[in-house]
Amino acid sequence: MHALFPGTFDPPTAGHLDLIERSARLFERVTVAVAANPEKHAFCTVEERLTLLTACTDGLANVTVAHWPGLVVEACRSWECDVLVRGVRGANDYEYESQMAGTNRAMVPELETLLLSTSPRFAHISSTLVRQIAAQGGRVSPFVPGPVFAFLRERHGAS
């Protein structure tokens, strides 16, 4: 089984890495798809996010990181993914992801979506929170993997 875990990952967080690691235990192959959301002002470039995620997943032999510029369902078709993995932190995420799963299934009926609950120790972490703290030079180390922390410390003086 080949799973796709898509997101903007701007920047990648400890919660993202937890979901990637858990997905890697569940599936033979996992592709982490970095998306560029044209409606958002990016904190990190796509290339930076690809580099950071590749460094964070270096020890996971069945995980690859790639960029996909279009619809997630098209990435699933192109890369022959069987399952779409999405993380859910709470009720709002669940509502949104359930709607997306239904829409994706309408477009690609054979595509399954697996909603993984975020581990409780990471449920409060979001890329938005990390961006806000880093932009102010605050302490982000508890919220991000090592390579991301090093990047944010160098770029923003985060601690």
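1. How many residues does helix H1 have, and what distance does it reach from its first C-alpha to its last? In this predicted model, H1 runs over residues 14–26 and has 13 residues. Its reach between those terminal C-alpha atoms is 19 Å, close to the 18 Å expected at 1.5 Å a residue.

2. The surroundings of H1 deserve a remark. The helix is mostly covered, with ten of its 13 residues buried. Among them are the apolar side chains of Leu-17, Leu-19 and Ile-20, and also His-16, Asp-18, Arg-22 and Ser-23. Ala-14, Gly-15 and Ala-24 complete the buried set. At the start of H1, Thr-13 places a side-chain oxygen within 3.3 Å of the backbone nitrogen of Gly-15, and Gly-15 itself belongs to the buried residues of the helix.

3. Strand S2 (residues 29–34) pairs with strand S3 (residues 63–67) in the parallel sense, over five bridges. Between the two strands the chain passes through helix H2 (residues 46–56), and the resulting β-α-β crossover is right-handed. Within the pairing, Ala-33 has Ala-66 of S3 opposite.

4. Helix H4 (residues 91–107) has 17 residues. From first to last C-alpha it reaches 25 Å, close to the 24 Å expected at 1.5 Å a residue. The buried residues of H4 are Glu-97, Ala-101 and Asn-104. Viewed down the helix axis, these buried residues fall within an arc of 70 degrees, so they line one face of H4.

5. What lies on either side of H4? The cover over its buried residues includes helix H3 (72–79), strand S4 (83–88) and strand S5 (112–117). The face turned away from the buried side carries Ala-91, Asn-92, Gln-99 and Ala-106, which are exposed.

6. Is Ala-134 buried or exposed? This residue lies in helix H5 (residues 127–135). Ala-134 counts as buried because its relative accessible area is 0%, where the cut-off for buried is under 20%. Leaving aside residues up to four places away in sequence, Ala-134 touches Phe-43, Val-140, Leu-152, His-156 and Ala-158.

7. A separation in space may be added for Ala-134. Its C-alpha atom and that of Val-46 are 18 Å apart, while the two residues stand 88 residues apart along the chain. Val-46 falls at the start of the range given for H2 (residues 46–56), and Ala-134 falls within H5 (residues 127–135).

Notes: Residues are numbered from 1 along each chain as its sequence is written. This is a predicted model: local features need pLDDT of at least 70, side-chain atom pairs count only at pLDDT 80 or more; totals for chains, interfaces and linings use all residues. Side-chain values use heavy atoms; hydrogens and water are left out. Helices (H or I, at least four residues) and strands (E, at least two) are DSSP runs, numbered from the N terminus. The expected span of a helix is 1.5 Å times one less than its number of residues. Buried means under 20% relative accessible area, exposed over 50%, partly exposed in between (1.4 Å probe, protein chains only). A polar contact is a pair of N or O atoms within 3.5 Å; within protein, one must be able to donate a hydrogen and the other to accept it, and residues adjacent in sequence count only if both atoms are side-chain atoms. Two strands pair if DSSP finds at least two bridges between them. A crossover is right-handed if, with the strands pointing away from the viewer, the path from the first strand over the helix to the second runs clockwise. The arc is that of the directions from the helix axis to the C-beta atoms. Contact means heavy atoms within 4.5 Å.
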